[in-house]
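Reader: Hello! Could you take me through one part of this model in detail, the place where the two chains meet, and then add a little on what lies around that part?

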Amino acid sequence: MEDSQIIDLYWQRSENAIAETAKKYGKLCRHIAMNIVGNFSDAEECENDTYVSTWNAIPPTRPNVFSAFLTKIVRNIALNRYEYNKAQKRNHEFDLVLEELECCVAGKDTVESAYEEGVLATLLDEFLEQQSKEKRVMFVRRYWYSDSVKDIAKRLQISESKVKTTLFRTRNELQDFLAKHGVIV
Amino acid sequence: MTGNDLFREIGGISEKYIAEAEATKRSIIHNTVFRRSLATAACLMVCVGLYFTTRTGSKEAATDSTGAAGHHNNNIKEDSSDNTVMNYVTGDTSGGFELDDILDFFGDNDRSENSTEAPAYEADSAYSENCSPSEPEYSEEGVAVGEAFDYSNLVKRLLSYPNEYEALLQTDAFIVEHGIVRSGMERWDAFIDCVERGVPALVEVVQFTDEGDAIVAGILYNGKEYYLLMDYSRDAWGNTDWLEYVYNNLYLDTRDGRTKVLLSVKNVEKDKISEAFDKSPEDFFEWVEYVND
């Protein structure tokens, strides 16, 4: 079923909307949640919470890119779940993702006013726009989808070492970019 | 600001980048393919162009089974300097190649011009007992040109695989789901056994994308080289893609309870494959990986 038809089902308040969403994007949502929370039961709960949130959000929202809309929701829900679980258990692969990002900002004083909600996302968009498509895809796969380096290498048919090197350079460029824009000083 | 804060902020990036990262995996692969084998691709496109230009007048010339194989192998030979990805069948939806065009190109006369249905899958009893569906024939150059290795048959056979997971499990294929062997291990072992004896063999392998779509591949060993044809048409997130690879060697890198199937043009001693792969992974195409029993 086309995305627009699924969205129409939400607007009609048809319960088939959730079934069709699960059918088309359930695996993708579970995959993203799994990358963050690191266990199947939590990932499934995140997936189900995503359907509830989507049901509550549409209407009035009419997403432009339905898959991105859904995956943003599941990513946020999974991140909340990860933080909730963090004291008890750890997801080492995802911890690694956060540690890598820490390097972009670690040891820097933050100019709080510069990164009000949404401002930094706009800057990140600008930064991504400047990158080559391959670098951008690698960055988004790693820090948005939380894919492992191995999965990215496989997906893009390149070596893991190339992925690591490219991500390392991109993180350094991001650090410079953020410093230049006063986000970190 | 912490890494966690930054991760949350990255969550707010434009949806177009999120969609791009998900949807462009195949096109990036194709770009790599084209960079690596531009000359071959250009040659192939000229051939394809000539074929479609003349298809109305001289379809017979292009549908001869040995002709199809010969064309295929000519491309393979030309790109021996690169020795990796040799050929690109189709896949750019904007380029306009559809399923019927592929089958027409490789000489399928059984399908109507407007048909878009894949042929029904049929198990081949002879297939499970031998290395290939029937004994291959060889040309003077040693390249298989018989019915079993007719390229169009392989295309048709891959297309005939069902889409549903349960139905896939009933096929002859070696099925690996995210590293776990689901069925067909004996077929894979038989293939490896044939290969080790230098006997031409063919096996189909099914893997799955993160989203659960099947990627069906056929690997054909003709006694000299390995032809790997990958059908991405079931991948709902990709384009209708076909990729073809040719390598001289197939290796099994077995360690830590897992086996990695590697393809390469590089000659490596069997007992040094792990070392060679660790040293220069870029020399190998990592195709399938599975957990051993």
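Author: Happy to; here is the interface, followed by some strands of chain B and an outline of chain A.

A word on conventions comes before that. This is a predicted model, in which local features need pLDDT of at least 70 and side-chain atom pairs count only at pLDDT 80 or more, while totals for chains, interfaces and linings use all residues. Residues are numbered from 1 along each chain as its sequence is written, chains are lettered from A and ligands numbered from 1 in the order in which they are written, and side-chain values use heavy atoms, with hydrogens and water left out.

Now the interface. Chain A brings 52 residues to the contact and chain B brings 36, where contact means heavy atoms within 4.5 Å. The size of an interface is often given as the accessible area lost when the parts come together. For chain B and chain A the buried area is about 4300 Å², and carbon and sulfur atoms give 58% of that area; the value is the accessible area (1.4 Å probe) that two parts lose on being put together, summed over both.

Four salt bridges cross between the chains, each a side-chain nitrogen of Lys or Arg within 4 Å of a carboxyl oxygen of Asp or Glu. One salt bridge joins Arg136(A) to Glu20(B), with 2.8 Å between the closest N and O atoms. On the chain B side that touches chain A, the elements giving two or more residues are α1 (3–10), α2 (15–23), α3 (25–36) and β10 (285–291). Helices (H or I, at least four residues) and strands (E, at least two) are DSSP runs, numbered from the N terminus. That side of chain B holds 14 nonpolar, nine polar and 13 charged residues; Ala, Val, Leu, Ile, Met, Phe, Trp, Tyr, Cys and Pro count as nonpolar, Asp, Glu, Lys and Arg as charged, and the others, Gly among them, as polar.

Next, some strands of chain B. β6 (residues 226–231) pairs antiparallel with β7(B) over six bridges, pairing being at least two bridges found by DSSP. In this pair, Tyr227(B) stands opposite Val246(B). β8(B) and β9(B) make a hairpin with two residues between them, and Asp256(B) in the turn has a positive phi of about 50°.

As for chain A, it has nine helices and zero strands. Of its 185 residues, 51% are buried, meaning under 20% relative accessible area (1.4 Å probe, protein chains only).

Definitions and conventions: Buried < 20%, exposed > 50% of the residue type's maximum accessible area, 1.4 Å probe, protein only.
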